[in-house]
Amino acid sequence: MEPSPDTGSADPAGYYRPDPRYRQEAWLKDYSAAYESFLADREAFWEGVAGELDWYARWDAVCKWDYPNARWFVGAKANITVNCLDRHLAGGRADKTALLWRGEGGEERRFTYRELATAVNRFANGLKSLGVQKGDRICIYMPLVPEQIVAMLACARIGAVHSVVFGGFGSAALGTRIRDADATLVITADIGLRRGKVIPLKEIVDEALQSAPGVERTIVLRRADPPMSLSPREVDFGSLMEAGGADCPPEVMDAEDPLFILYTSGTTGAPKGIVHTCGGYMVGTYYTAKTVFDIKDRDLLWCTADPGWITGHSYVVYGPLAAGASVLITETTPDYPDPGAWWKIVQDCGVTIFYTAPTAIRMFMRFGEKWPEQYDLGSLRILGSVGEPLNPEAFEWYYHVIGGGCCPIVDTWWQTETGMIMITTMIGEPMRPGYAGRPIPGVEAAVVDREGRPVPPGKSGFLVITGPWPAMLRTVYRNDERYREYWHTIPDCYTTGDLAVQEEDGYIMVLGRGDDLIIVSGHNIGTAEVESALVAHEAVAEAAAIGKPDPIRGNTVKAFVILIEGQTPDERLTRDLQALVRRMVSPVAVPSEIEYVDALPKTRSGKIVRRVLKARELGIDPGDISTLEV
Ligand code: PRX
């Protein structure tokens, strides 16, 4: 699509207005009308979406809401893989690319929908031959290769509950997750490849299994040459595929049967096994993949998340495949062999929808425009962001440098628990940098105080969801008490744990986690607000803010800052940064200390873990940091 002249800059009110053709061509053309139709009849709205999918048996009721427990599509029967695979074979997409994989060396593997379906059926039969049954928990600990997705879908095919653990986690984190889920089987690979280095995944599994005696078998995808030898309790992935027949009838699942468990990344405390179910999750991810990314048959979607995270579950695997998209996956890291690696993939493969995290965008900003400039990014038509607030400077850079000033950006707010995108700016709607947008049709969100009373526009409060939605978590595995906490912290609301501001126009700015709140002289300061101000400075690449106890002010703000390559810290810069925070946030938010660092502790999904910075600062134990990049 050629850009129209008015899309490259914001209007006087600060909104970017996308080319009107986006709206004309979008699946969801009129946000307000869609939202009103949802409010007029919530159940009819979701029933309409569900009706686009294939079911064995229809529902007796769309939703039974017995606060805080919801059941969706009550009595309905389906299998999500039928909608992700079989439906497309029958519907003319058999020879369409379902998955395109790129390795670190640029090698490619392509699976049509027919080929992917065959692989899934074969592996599902293989799992059955090992005695795997509906309801069994299967841990998948694999690199980002097509077999990871085949394994997930094969579990879903036969009704086994997968628990995917990100292949970057160490043995202790893996062991905890295997034990908590009571998994009986682990699917892994001999090695993962990251930045030209070999990660010995199978060794990590072996170590984890020492503390997880319930696991009977390990299936190993062998990639290394010569192939590693296997013990009698270990099974070769490839042989299992070959032995399995190419037709595995899908298990007829109740809409409320569990589909998977996914452990939250655990920025605080012990990991929680978030449980998602077959019917509602299918409907929610299908709808959001189709409408938020506006997936058309010509699109190639690249969501850069690993399927080991919820973003990968929902927008690499289930949502896009249910919507019949072509999906790109890659094992490559963004800066290997050089910081142009990802832009080369966009150019070579013709990616049209690109979905990544602000932390990656800020990293690219730091490397400079010279990298994306070397590539033709003209195939891109929609950009997405997820995982953290997309600060205005990162928005602008993403919009202009990557999107060429004409691609809408969908800044999508959601969580492992929500399963699907909840708040964003739908394609065609005006975009407001710094604001994720409004609740999507089908979702009711609000910003409230501790008692659940709405706070006035422009004031910060707790971001809550005020009613059930199909892809919501149903429980925390073996810990329903922790599930109920989500709904009982603030009366009648699902508490997201995030702080936010909603403006008169309904747009929501997410400020960050509530537990990352700093109270200075009685004022609530979101760490994200301070950080956003700091990264607005041209010398700053990344920033983290923490509160330090202070006898007079309660807390003072301390900031940790990573500078853009080539910049050096000095007192003048510190003063400039303080002035910037004073101007952009408030005088009480000004960091009394700024420390320049080379790295910040992050979760593997890229979230800064402020509690570690704080613990270090105060000289106390940072708790379990085994799953962090520190
Ligand atoms: O704090 C919010 C932040 O990420 C949290 C959810 O993390 P997780 O369960 O790991 O899922 C991440 C991917 C869906 C939220 O509570 N978050 C996510 N998206 C955004 C965001 N913060 C601001 N803007 C977003 N778009």
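The following exercises, each with a worked solution, concern the predicted model shown above.

Residues are numbered from 1 along each chain as its sequence is written, and side-chain values use heavy atoms, with hydrogens and water left out. In this predicted model, local features need pLDDT of at least 70 and side-chain atom pairs count only at pLDDT 80 or more, while totals for chains, interfaces and linings use all residues.

**Exercise 1. The ligand**

Task: State how many residues surround the ligand, and describe the shell and the polar contacts.

Solution:

Step 1. A residue is near the ligand if one of its heavy atoms lies within 4 Å of it. The shell holds 16 residues, and the closest are Asp-411, Thr-412, Thr-416, Asp-498 and Arg-513.

Step 2. Sort the shell by class. Ala, Val, Leu, Ile, Met, Phe, Trp, Tyr, Cys and Pro count as nonpolar, Asp, Glu, Lys and Arg as charged, and the others, Gly among them, as polar. The result is six nonpolar, five polar and five charged residues.

Step 3. Look for polar contacts, here pairs of N or O atoms within 3.5 Å (within protein, one must be able to donate a hydrogen and the other to accept it, and residues adjacent in sequence count only if both atoms are side-chain atoms). A backbone N or O atom of Gly-387 is 3.0 Å from a ligand nitrogen atom. For Glu-388, a polar backbone atom lies 3.1 Å from a nitrogen atom of the ligand. Asp-498 uses a polar side-chain atom, at 2.9 Å from an oxygen atom of the ligand.

Step 4. Consider the accessible area, computed by the Shrake-Rupley method with a 1.4 Å probe (for residues, only the protein chains shown count as cover). Alone, the ligand exposes 540 Å², of which the protein buries 91%.

Step 5. Find the contributing elements; helices (H or I, at least four residues) and strands (E, at least two) are DSSP runs, numbered from the N terminus. Helix H11 (310-322), strand S20 (409-412) and strand S27 (508-513) each give two or more residues to the shell.

**Exercise 2. Aromatic rings**

Task: Determine why the pair Phe-260 and Tyr-318 is classed as stacked.

Solution:

Step 1. Rings of Phe, Tyr and Trp (its six-membered ring) pair if their centres lie within 6.5 Å; planes under 30 degrees apart count as stacked, over 60 as edge-to-face and the rest as tilted. This rule gives 39 aromatic pairs.

Step 2. The ring centres of Phe-260 and Tyr-318 are 6.5 Å apart and the planes lie at 5 degrees, so the pair is stacked.

Step 3. Place the partners. Phe-260 belongs to strand S14 (residues 258-263) and Tyr-318 to helix H11, 58 residues apart, so that distant parts of the chain are linked.

Step 4. Both Phe-260 and Tyr-318 are buried, where buried means under 20% relative accessible area, exposed over 50%, and partly exposed in between (1.4 Å probe, protein chains only).

Step 5. One aromatic cluster includes Tyr-31, Phe-38, Trp-46 and Tyr-287. Phe-38 is found in helix H2 (residues 31-40) and counts as buried at 2% relative accessibility.

**Exercise 3. Unusual backbone geometry**

Task: Identify where cis peptide bonds precede Pro-68 and Pro-337, and where Asp-182 and Arg-478 take a positive phi.

Solution:

Step 1. Recall the general rule: most residues other than glycine have a negative phi, and most peptide bonds are trans.

Step 2. The bond from Tyr-67 to Pro-68 is cis, with omega near 0 degrees. Pro-68 sits in the loop between strand S1 (61-66) and strand S2 (69-74).

Step 3. The bond from Tyr-336 to Pro-337 is also cis, with omega near 5 degrees. Pro-337 sits in the loop between strand S17 (326-330) and helix H12 (341-349).

Step 4. Asp-182 has phi near 55 degrees and lies in the loop between helix H7 (171-181) and strand S8 (185-189). Asp-182 is partly exposed, at 39% relative accessible area.

Step 5. Arg-478 has a phi of about 55 degrees and lies in the loop between strand S25 (475-476) and helix H15 (480-488). At 53% relative accessibility, Arg-478 counts as exposed.
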